[in-house]
Amino acid sequence: KQALDDVTKQYNQVQNDYDTGQATKDQKDQLESQVQQLQRSLQTLQQKLQTLQSTNSLSAIEYQLKANEIDLEDINVNLSNYEVK
């Protein structure tokens with residue numbers, strides 16, 4: 001969460017610089033991408049925590065399966081954001 005807050009602040013600063021012509025669109029886009037990636041990572045970690053808290057009776061293998069399914073969803077989201085040029 002702290003990393004997301006830090007990058008969001010950087011993004012806001014670059015957005016302001018971009019608006020005044022002091023930063024490039026590539027710089028703004030790069031930080032925007034980082035913010036989005038950190039948001040997805042935070043969401044994934046929150047889902048894992050929620051799974052852990054709500055499934056105390058699950059065996060270790062069942063927990064690992066749920067965690068891997070969440071990781072797979074995150075990987076699919078990340079892959080959908082890549083553009084081949």
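These are my notebook entries on one predicted protein model.

**Entry 1: confidence**

I began with the confidence scores, since the model is predicted. The mean pLDDT of the protein is 86. I noted that 92% of its residues reach 70 or more. Where is confidence highest, and where is it lowest? It is highest in helix α1, residues 2-19, at 92. It is lowest in α3, at a mean of 84. I wrote a reminder in the margin: where pLDDT is low, the predicted coordinates should not be read in detail.

**Entry 2: salt bridges**

Next I looked up the salt bridges. How many are there? The count comes to three.

I started with Lys25 and Asp29. Their side chains meet in a salt bridge, at 3.1 Å from N to O. Both residues lie in helix α2. They are four residues apart, which I noted as about one turn of the helix. I then checked how open each one is. Lys25 has 45% relative accessibility, so it counts as partly exposed. Asp29 has a relative accessible area of 27%, so it is partly exposed too.

Asp29 came up again in the next pair. Its side chain meets that of Lys28 in a salt bridge, at 3.9 Å from N to O. The cut-off for a salt bridge is 4 Å, so this pair is within it. Is Lys28 buried or exposed? Lys28 is buried, because its relative accessible area is 12% and buried means under 20%. I drew Lys25, Lys28 and Asp29 together on my page, as they are linked in a network of salt bridges.

Then I turned to Asp71 and Lys48. They form a salt bridge, and their closest N and O atoms are 2.7 Å apart. This pair links distant parts of the chain. Asp71 is in helix α3 and Lys48 is in helix α2, 23 residues apart. Asp71 is partly exposed, with a relative accessible area of 28%. Lys48 is at 21% relative accessibility, so it also counts as partly exposed. The lower limit for that class is 20%.

**Entry 3: buried acids with no salt bridge**

I looked up two buried Asp residues next.

Asp17 lies in helix α1. It is buried yet has no salt bridge. Which side chain of opposite charge is nearest to Asp17? It is Lys28, 13 Å away. A salt bridge has to be within 4 Å, so Lys28 does not qualify as a partner for Asp17. I left aside the neighbours within four places in sequence and listed the contacts of Asp17. They are Gln22 and Ala23.

Asp74 lies in helix α3. It is buried and has no salt bridge either. The nearest side chain of opposite charge is Arg40, 4.7 Å away. That distance is outside the 4 Å cut-off, so the pair is not counted. Which residues does Asp74 touch, leaving aside its neighbours within four places in sequence? Asp74 is in contact with Arg40 and Thr44.

**Entry 4: a nonpolar patch**

I then searched the surface. A nonpolar patch of about 360 Å² is made by Ile75, Leu79 and Tyr82. I picked Leu79 for a check. It is found in helix α3, residues 60-80. Leu79 has a relative accessible area of 53%, so it is exposed. The line for exposed is over 50%.

**Entry 5: distances along the chain and in space**

Last, I compared sequence gaps with C-alpha distances.

Gln30 sits in helix α2, residues 25-54. It is exposed, with a relative accessible area of 51%. Gln30 and Tyr11 are 19 residues apart in sequence and 8.9 Å apart in space.

Ala3 has its place in helix α1. It is partly exposed, with a relative accessible area of 41%. What separates the C-alpha atoms of Ala3 and Gln39? The answer is 9.8 Å, with their positions 36 residues apart along the chain.

Ala60 lies in helix α3. At 64% relative accessibility, Ala60 counts as exposed. Ala60 and Asn76 are 16 residues apart along the chain. Their C-alpha atoms are separated by 24 Å.

Conventions
Residues are numbered from 1 along each chain as its sequence is written. This is a predicted model: local features need pLDDT of at least 70, side-chain atom pairs count only at pLDDT 80 or more; totals for chains, interfaces and linings use all residues. Side-chain values use heavy atoms; hydrogens and water are left out. Patches are made of residues with over 30% relative accessible area and no salt bridge: like charges are joined within 9 Å, nonpolar side chains (Val, Leu, Ile, Met, Phe, Trp, Tyr) within 5 Å. Accessible areas come from the Shrake-Rupley method with a 1.4 Å probe; for residues, only the protein chains shown count as cover. Buried means under 20% relative accessible area, exposed over 50%, partly exposed in between (1.4 Å probe, protein chains only). Lys and Arg count as positive and Asp and Glu as negative; His and the chain ends are not counted. Contact means heavy atoms within 4.5 Å. pLDDT is the predictor's confidence in each residue, from 0 to 100.
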